[in-house]
Amino acid sequence: MRVDVISIFPEYFAPLDVSLIGKARERGILDVRLHQLRDHAHDVHRTVDDTPYGGGPGMVMKPEPWGEALDEVLAADPTAPPRMIVPTPSGVPFTQKLAMEYAAEPWLLFTPARYEGIDSRVMAEYGARMRVDEVSIGDYVLAGGEVAVLVMIEAIGRLLPGVLGNVHSAVDDSFAPGAMENLLEGPVYTKPPEWRGHEVPEILLSGHHGRIARWRRDQALRRTARNRPELLAALAPQSLDKHDRQL
Ligand SMILES: Oc1ccccc1-c1ccno1
């Protein structure tokens, strides 16, 4: 997968050089290319923003630098454009389902904005040429979209074939399709069996895989009921068995 990011702070993406995503890049699974938006602002101050038409607080990102930067990226393959993702508090929710959809794409283009956002004519111009998604990573306001892009690249990148060492990790994720879909993951334990007087639940040392799976599902249901009751309410009734309903 190719991923292009246009930003005035490309240095924000240094974390993509390390750990899981860094290794995926080294192995050629992920090809991340960063572009400095200011290289496409040609005045002496390399200006990328201006005051909003109609008044109001803050500044809006000018269309010209974005247009030049986007045209340069798209020139790589004009016949098969990327999917453009615009992080914004006003976007559709970024979910595991959307991450899986994006993980199937050959080319993604992220356009993190600062200030009050990008002049809307940019999305109108490029929306006529390719799929442009406005996406939110949550109901809060950031100083800019770079952190949102980091979140999305990690969530998408870990789903690419060959990135996760243990294929089951992605399948067993919270929110991944399957038996635990829309349930939060329960508690996890590792050695030592006792630590500061806290013992590992006996069932996990029993070797009874069926009972262990049942215990883990119970713990997932309890944690989901406690922390995200709306997810439990949204579960299809047939996805809860007789035992689940007794909890
Ligand atoms: O708060 C933001 C500011 C700029 C770009 C994106 C965001 C955002 C907030 C939540 N998801 O995206």
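Here is a short chat about a predicted model of a protein.

Visitor: How many helices and strands are there in the protein?
Guide: Start with the overall frame: the C-alpha atoms fill a box of roughly 70 × 40 × 40 Å along the principal axes. Inside that frame, the count for the protein is nine helices and nine strands.

Visitor: In what order do the five strands of the open sheet stand?
Guide: Let's build it up from β1. Strand β1 pairs with β2 over six bridges, in the parallel sense. Four bridges join β1 to β6, and these two run parallel as well. Add the remaining strands and the order reads β2-β1-β6-β5-β7.

Visitor: Which strands stand at the edges, each with a single partner strand?
Guide: Look at the two ends of the order β2-β1-β6-β5-β7. A strand there has a single partner, so one side of it is left without a neighbour in the sheet. Those edge strands are β2 (31–36) and β7 (132–136).

Visitor: Which residue stands opposite V5 in β6, and which one is its bridge partner in β2?
Guide: Strand β1 covers residues 2–7, and it is joined to β6 and paired with β2. That lets you look for a partner of V5 in each of those strands. In β6 you find F110, and in β2 the partner is L34.

Visitor: Are the residues of β1 buried or exposed?
Guide: Side chains in a regular strand alternate between the two faces of the sheet. Here R2, D4 and I6 point one way from β1, while V3, V5 and S7 point the other way. Buried means under 20% relative accessible area. Six of the six residues pass that test, so β1 is largely enclosed by the rest of the structure, and the word you want is buried.

Visitor: Which strands does helix α2 lie across?
Guide: Helix α2 spans residues 63–74 and runs at about 165° to β1. Follow it over the sheet and you get β1, β2, β5 and β6.

Visitor: And what angle does the direction of helix α3 make with that of β5?
Guide: Helix α3, residues 96–103, also packs on the sheet, where it touches β5, β6 and β7. Compare its direction with that of β5 and the angle is about 170°.

Visitor: How far apart do the centres of the positive and negative side chains lie?
Guide: First take the two sets: the protein has 27 positive and 35 negative side chains. Each set has its own centre, and the distance between the two centres is 9 Å.

Terms used
Residues numbered from 1 in each chain as written. Predicted model: local features only at pLDDT ≥ 70, side-chain atom pairs only at ≥ 80, totals over all residues. Heavy atoms only, no water. Pairing = 2+ DSSP bridges. Contact = heavy atoms within 4.5 Å. Axes fitted to C-alpha atoms, helices over the stretch in contact; angles between N-to-C directions. Lys, Arg positive; Asp, Glu negative; His and termini not counted. Charge placed at Lys NZ, Arg CZ, Asp CG, Glu CD. Buried < 20%, exposed > 50% of the residue type's maximum accessible area, 1.4 Å probe, protein only.
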